[in-house]
Amino acid sequence: MADLTTTEKKKLERYFDMGGGYFCNLSNAELEELIADELNIEIYDEKYNFKSGSKANRVRALWLLEDNHTVAQFLTAALERDDFEKENSFSYTGNTNKTLRDECIQIATRLKEGQPQPQPQPQPQPQPQPQPFSQPSAETQGLNWDKPTMKNKVFIVHGHDELVKEKVARFIAQVGLEPIILHEQFSGSKTIIEKIEHYADQACFAIVLYTPCDRGAKATEKSPKYRARQNVVFEHGYFIGKLGRDKVTAVVKGDIELPNDFSGVVYEKFDDTDSWKLALAKEMRGGGCEINLNALV
């Protein structure tokens with residue numbers, strides 16, 4: 001196990017943008033290639049399938065299972081790749097905090113050189129004050145043990161538009177929730193519908209992305225129209241039945257054909273101004289999700 005403190009892990013997670021299950025802006029294949037090239041490790045091996053199996057959780061498993069030198073080698077390679085993207089990509093969306101980057105370099109250097117963990121200074125403990133007598137609450141008496149905890153995951157139903165999917169996923173992470181993207185989740189030999197059922201139970205909300213991925217028309221029409229993938233329409237109906245209409249919102253991109261049963265249902269229009277974010281955040285909060293609206297300012 002790598003000799004990382006809790007504070008160091010938080011700094012690394014913040015710099016590499018791991019809050020929503022991601023790692024930088026790397027795809028699954030890019031993360032797999034980076035770790036295989038640098039460490040000769042298969043990150044999608046079952047031993048690294050930690051919690052949800054997301055990219056961020058697999059990196060956390062790497063920190064947990066591998067030694068200091070291996071983790072230092074990975075961090076150095078990840079920082080070098082991030083620097084390359086920063087200098088050569090016109091659409092770089094990574095972290096530009098130089099101070100935080102320097103701290104991450106120091107962490108990698110410490111691990112590589114085998115230096116001991118920085119020890120926190122002990123803080124003086126306040127003396128306990130006598131509390132006035134009061135009746136125990138209902139919860140401490142055990143009357144509220146079965147109170148359910150608030151779910152913090154949002155299921156994204158999507159087609160083939162990777163850009164819209166990634167933008168919506170980043171938005172969900174930005175407001176303090178965790179996006180569920182089905183193909184990034186552990187399968188466990190389940191069928192697709194079994195995976196949908198399993199991960200739908202973990203969601204407090206569902207966002208359905210209607211993007212122009214297919215074209216079709218009635219048999220009597222000659223000009224096909226853009227429409228969403230059939231799985232998107234099916235899963236939209238499934239989540240309305242599963243979560244309720246108030247916990248499902250559709251996001252529509254472009255001028256596309258919508259299902260007839262969709263008529264009259266409010267949806268958010270996806271555009272480059274990002275005005276959809278605030279509208280979608282309000283819908284999510286109205287549906288019961290605990291979100292941080294201040295993160296959108």
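**Close-up 1. Lining of the largest cavity in the predicted model, by residue class**. The lining of the largest cavity in this predicted structure comprises five polar, three nonpolar and two charged residues. The residues concerned are Gly20, Gly21 and Tyr22, then Ser52 and Ser54, and further along the sequence Glu178, Pro179, Ile181, Glu184 and Gln185. Glycine is counted among the polar residues in this classification, and Gly20 and Gly21 both belong to the lining. The volume of the largest cavity is about 70 Å³, and a search of the whole structure returns two cavities of 30 Å³ or more.

**Close-up 2. The second largest cavity and the contribution of helix H4**. With a volume of about 50 Å³, the second largest cavity is lined by Phe23, Cys24, Asn25, Leu26 and Leu34, together with Ala78, Arg81 and Asp82. Helix H4, which covers residues 68–88, gives the most to this lining, contributing three residues. By class, the lining of the second largest cavity holds five nonpolar residues, two charged residues and one polar residue.

**Close-up 3. A nonpolar surface patch that includes Met1**. Met1, Leu64 and Leu65 together make a nonpolar patch of about 310 Å² on the surface. Within the chain, Met1 is found in the segment that precedes helix H1 (6–15). Because its relative accessible area is 66%, Met1 counts as exposed, the cut-off for that term being over 50%; patch residues are required to have over 30% relative accessible area, a condition that Met1 meets at 66%.

Definitions and conventions: Residues numbered from 1 in each chain as written. Predicted model: local features only at pLDDT ≥ 70, side-chain atom pairs only at ≥ 80, totals over all residues. Heavy atoms only, no water. Patch = residues over 30% accessible without salt bridge, like charges linked within 9 Å, V, L, I, M, F, W, Y side chains within 5 Å. Areas by Shrake-Rupley, 256 points an atom, 1.4 Å probe, with all protein chains shown as cover. Salt bridge = Lys/Arg side-chain N within 4 Å of Asp/Glu carboxyl O. Helix = DSSP H or I, 4+ residues; strand = E, 2+ residues; numbered from the N terminus. Buried < 20%, exposed > 50% of the residue type's maximum accessible area, 1.4 Å probe, protein only. 1 Å grid on protein atoms, 1.4 Å probe; cavity = no way out; pocket = protein on both sides within 12 Å on 5 of 7 lines; lining within 4 Å. Points joined across faces, edges and corners; volume = space filled by probe spheres on them.
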